[in-house]
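Dear colleague,

I am handing over the structure we spoke about, and below it you will find an account of what was found in it. Please read the account with the structure open beside you.

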Amino acid sequence: MPQSILFLAHVDESGTNLPKAAYEALGAARDVAQQLGQPLTIGLIGDRIESAANSIAAAGAQKILAVSGPDFAKARYSTDAAAAEAICRAAAAEIVIAPATSRFLRALPGLAYRLKGCVDTHLTSIGVVEGKPSVTRWFYRQRLEAVVQRDARPWILLLDSGCHAAWCGAPAKAAVQALDVQVAPEAKRTLVTGIRVPKSDAQTIRPDAKLLFVAGAGWTKKQPDGKTHVPEAEALILEFLRGSGASLGGSKSLVDQSGENQAVLGFMTHLNQVGQTGSTPRHPKGLSTCCHGEEPHVVGWRFVNERRAVNLDPNCGWARGKADVLYVADAFQVMAKLNTLLASRR
Ligand SMILES: Cc1cc2nc3c(=O)[nH]c(=O)nc-3n(C[C@H](O)[C@H](O)[C@H](O)COP(=O)(O)OP(=O)(O)OC[C@H]3O[C@@H](n4cnc5c(N)ncnc54)[C@H](O)[C@@H]3O)c2cc1C
């Protein structure tokens, strides 16, 4: 059965480039098209898409369709869904593969409704099994992995970042077929006037970082001298984040302390929490400090490949097969030493 494959992407906040997740979704779309023996079409949305189109011109797509202009610069459901609908119809797309960015997670489920198709979000892989597109995703806080196939078409697939190798190739001059989408005045009533994010998260949560640094409640507990050292802990952690570019995670005990009127790290919020009731970030490496490594926390490390932990307690959870390396040491001392080493490298 022929299955026309469309890779769909939008430009990032710069207005001209594609987000990293888009190159990963493109890698998956190319693989699927190749395995199904079907041509690939690319669809782009944004204010100015030329540079983005050139960056993927060598990806081997049969054609590149685009809806562009100031109306499509910012994330807005009405215009994003209209642009995506026009591209999908022009491409007669049956399988649509797109990155699971916050912009597309908001707009593409509505696209599926408009096209009388189906959508699946937060996919961790897209492949072909017995000649049919087949996707995987997690359920029940990453405990159950489902393999999903559907007969409904068009089938819109949003691939989570960090799950497929990004396509990369040299830029080339792209031949882009522009589609004209007229936007009714009522579709432009919503205006994006800016993005407001909590300062701490903007600075500390970095999904593309190579390293996840996790701070646990131990940082705020009484230390061997019988006193707490919260200001020192804050300084050490912030200096390490600055020097290493790591993303900051926290244990539940630590992030909960702010609600319990205990000494807290000022930059730590619930958005940093890693674990069963927190997030499941994807990073090549992880370093846990002053965190016990209990199962409800460690379940959030599922996608962190190489794990190390620093804990004073040689019987902590990390010692029981949860980390590749456990340093039985004082994290205050280890991080001070690490910061010195990082500073000397700069
Ligand atoms: C339903 C449910 C869901 C949960 N979901 C989550 C979740 O999503 N995420 C999560 O994190 N937890 C979760 N928990 C809680 C989890 O079980 C633990 O209570 C929590 O992770 C403990 O946090 P912690 O290890 O930072 O603190 P603690 O258990 O207090 O451990 C602190 C550690 O710091 C060490 N330490 C102290 N000082 C130093 C030092 N100077 N150097 C080195 N080490 C030091 C101590 O040895 C100790 O091991 C959940 C629990 C339940 C019941």
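**The ligand and its surroundings**

In this predicted model, an N or O atom in the side chain of glutamine 223 lies 2.7 Å from a nitrogen atom of the ligand. Threonine 277 also has an N or O atom in its side chain that is placed 2.6 Å from a nitrogen atom of the ligand, while glutamine 273 brings a polar side-chain atom to 2.7 Å from an oxygen atom of the ligand. Altogether, 28 residues surround the ligand, and the closest of them are Ser251, Gln273, Thr277, His292 and Asn311.

**Salt bridges**

Turning to charged pairs, the structure holds twelve salt bridges, and I describe some of them here. Lys20, Glu24 and Asp208 are linked in a network of salt bridges, which can be taken one pair at a time. In one pair, the side chains of lysine 20 and glutamate 24 meet with an N to O distance of 3.1 Å; both residues belong to helix H1, which covers residues 20–36, and they are four residues apart, or about one turn of the helix. In the other pair, lysine 20 forms a salt bridge with aspartate 208, where the closest N and O atoms are 3.9 Å apart. Because lysine 20 lies in helix H1 whereas aspartate 208 lies in the loop between helix H5 (199–204) and strand S11 (211–215), this pair ties together parts that are 188 residues apart in sequence.

How buried or exposed are the three members of this network? Glutamate 24 is buried, since its relative accessible area is 4% and the cut-off for a buried residue is under 20%. Lysine 20, at 46% relative accessibility, counts as partly exposed, and aspartate 208, at 56%, counts as exposed.

A further salt bridge is formed by the side chains of lysine 252 and aspartate 256, with an N to O distance of 3.0 Å. Both of these residues lie in helix H7 (residues 252–256), four residues apart, which is about one turn of the helix. Lysine 252 has a relative accessible area of 42% and is partly exposed, and aspartate 256, with a relative accessibility of 21%, also counts as partly exposed.

**A three-stranded sheet and helix H1**

Three strands form an open sheet in the order S6-S7-S8, and their pairing is antiparallel. Strand S6 (125–129) and strand S8 (144–148) stand at the edges and have a single partner strand each, so one side of each is left without a neighbour in the sheet. From one strand to the next, the twist averages 30°. Strand S7, made up of residues 132–139, is joined to S6 by five bridges, and the two run antiparallel; to find your way along this pairing, you may look for valine 129, which stands opposite lysine 132 in S7.

Which strands does helix H1 lie across? H1 lies across S6 and S7, and runs at about 5° to S6. This is the helix that holds both lysine 20 and glutamate 24, and lysine 20 is in turn linked with Glu24 and Asp208 in the network of salt bridges described above.

With best regards

Conventions: Residues numbered from 1 in each chain as written. Predicted model: local features only at pLDDT ≥ 70, side-chain atom pairs only at ≥ 80, totals over all residues. Heavy atoms only, no water. Salt bridge = Lys/Arg side-chain N within 4 Å of Asp/Glu carboxyl O. Buried < 20%, exposed > 50% of the residue type's maximum accessible area, 1.4 Å probe, protein only. Pairing = 2+ DSSP bridges. Axes fitted to C-alpha atoms, helices over the stretch in contact; angles between N-to-C directions. Contact = heavy atoms within 4.5 Å. Near = heavy atom within 4 Å. Polar contact = N/O pair within 3.5 Å; in protein donor to acceptor, adjacent residues only side chain to side chain.
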